[in-house]
Amino acid sequence: MTNDKSSLLFTPAAIGPLTLRNRTIRAAAFEGMCDGNAPTDLLYNYHRSVAAGGVGMTTLAYASVTRSGLSFPHQLWLRREILPGLRRITDAIHAEGAAASIQIGHCGNMSKKSMAGCLPISASSGFNLYSPTFCRGMRISEITAMAKAFGQAVHLAQEAGFDAVEVHAGHGYLISQFLSPYTNKRKDDFGGSLSNRMRFMRMVMQEVMQAAGTDTAVLVKTNMRDGFKGGIEIDEAIEIARTLEQDGAHALILSGGFVSKAPMYVMRGSMPIRSMTHYMQNWGLKIGVRMAGRFMIPSVPFQEAYFLDDAMKFRETLRLPLVYVGGLISRNKIDEVLDKGFEFVSMARALINDPAFVNRMRTEEDARSGCEHANYCIARMYSREMACHQHIPNLPHSIRKELKPTR
């Protein structure tokens, strides 16, 4: 049995009005378990299993605040009709002793017209090769309405029984598209200087904090770097983080990367292209990704706790609770991160591989996730529900061969 007296991991800690039973959070990684953009039994069973596995809080991912923010038919769209299904999930999470959070956001230029019901919108007009789609810059009236939609999403989350909301302001989605000079070419009050590029984010935060009131914790996922030349670098990212602290966020989740430019900067390792295209239904897209995927999604080396050096610069600057995310797969490294002053740790792939990993860390002093960083779960989830390749029987030989070198 591990001696937890010297470790922060299994001690309670607060995020605003919410106290978690320990320092672990299931990261908001896209589950792909929302057929018809609504919760399913798969989503219920997965998050219940993570809660039963000992996590402090589990996060339902990628919930769009409006239909215009949808990319996939199996992505969550937060609306009143699905509240009973969400309440069923939050009740199950609470019954296992964990807190429940939901990530709210908008895909912006990563949305798809077939799902969104309109031409995708963004900070500026242009073409997104990674979707692929044309997009249209938002009008001022649309920006105001979108900020209000985030506030309305918080009210819906409260009705569904969530203890916390996570505002997605990173990874190259809509708020991030306003923040980044790479995607924001506006000439009005929402473009140009960093202060202007933060204007939409601050409008969202005003609506979110007002809706959250005194009962709901508000976390924000924000980039430390966009991960490529011409995007946000760490100096601007620290100013964004300071602004979020000033605007009332209860905690920040420190991440990085840009799905339409540097996707593997977020997750590290390589993307198994054959695995990704195996599940695609669109033959044109399948062939295109098979041919150009290696160039469009270049590998970025994986190392344990790969964001830690950058995250330490934020820890030195900010006072609010910080959530470390990125490459946590062992109890030893998690303890190291907590000892460096981070209040919480967040994991995705480790809990896809083993939903009970947190409980295992209670009893195994040197517990380590069985995740092999093959990224099959990421390659698969854009077409089907997420799953670890270790749990899939009868995988085609071509996929197993592709994943084998990463072991």
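Guide: The expected span of a helix is 1.5 Å times one less than its number of residues. Keep that handy as we look around this predicted model.

Visitor: How do you know that helix α8 has the span it should?

Guide: Helix α8 covers residues 234-246, which makes 13 residues, so the rule gives 18 Å. The C-alpha atoms at its two ends are 18 Å apart, and therefore the two values agree.

Visitor: Which residues of α8 are buried?

Guide: That list holds I234, A237, I238, I240, A241, T243 and L244. An α-helix has 3.6 residues a turn, so residues three or four places apart point the same way.

Visitor: And what do the buried residues of α8 pack against?

Guide: Quite a few neighbours, among them helices α5 (174-179) and α7 (199-212), and strands β10 (217-223) and β11 (251-255). After α8 comes G248, with a positive phi near 105 degrees.

Visitor: What makes R26 and E31 a salt bridge?

Guide: The cut-off is 4 Å between a side-chain nitrogen of Lys or Arg and a carboxyl oxygen of Asp or Glu. For R26 and E31 the N to O distance is 3.7 Å, so the pair falls within 4 Å and counts.

Visitor: Why is R26 called buried?

Guide: Buried means under 20% relative accessible area. R26 has 0%, so it counts as buried. E31 has 2%, so that residue is buried too.

Visitor: Why is R225 called partly exposed, then?

Guide: Its relative accessible area is 24%, and partly exposed lies between 20% and 50%, so the label fits. E233, with 35%, is partly exposed as well. R225 and E233 form a salt bridge, with their closest N and O atoms 3.2 Å apart.

Visitor: How do you know that R360 and E364 form a salt bridge?

Guide: Their closest N and O atoms are 3.1 Å apart, and that is within 4 Å, so the rule is met. Elsewhere, salt bridges that share partners join R225, E233, D310 and K313 into one network. By this rule the count comes to 24 salt bridges.

Visitor: What makes β7 and β8 a pair of strands?

Guide: Pairing takes at least two bridges. Three bridges join β7 (residues 126-128) to β8, so the pair qualifies, and the two run antiparallel. G126, for one, has C135 as its bridge partner in β8. A hairpin of four residues links β7 to β8.

Visitor: How do you know that β6 pairs with β8?

Guide: Two bridges join β6 (residues 121-122) to β8 (residues 133-137), so the minimum of two is reached. These strands run parallel, and R136 is the bridge partner of I121 in β8.

Notes:
Residues are numbered from 1 along each chain as its sequence is written. This is a predicted model: local features need pLDDT of at least 70, side-chain atom pairs count only at pLDDT 80 or more; totals for chains, interfaces and linings use all residues. Side-chain values use heavy atoms; hydrogens and water are left out. Buried means under 20% relative accessible area, exposed over 50%, partly exposed in between (1.4 Å probe, protein chains only). Contact means heavy atoms within 4.5 Å.
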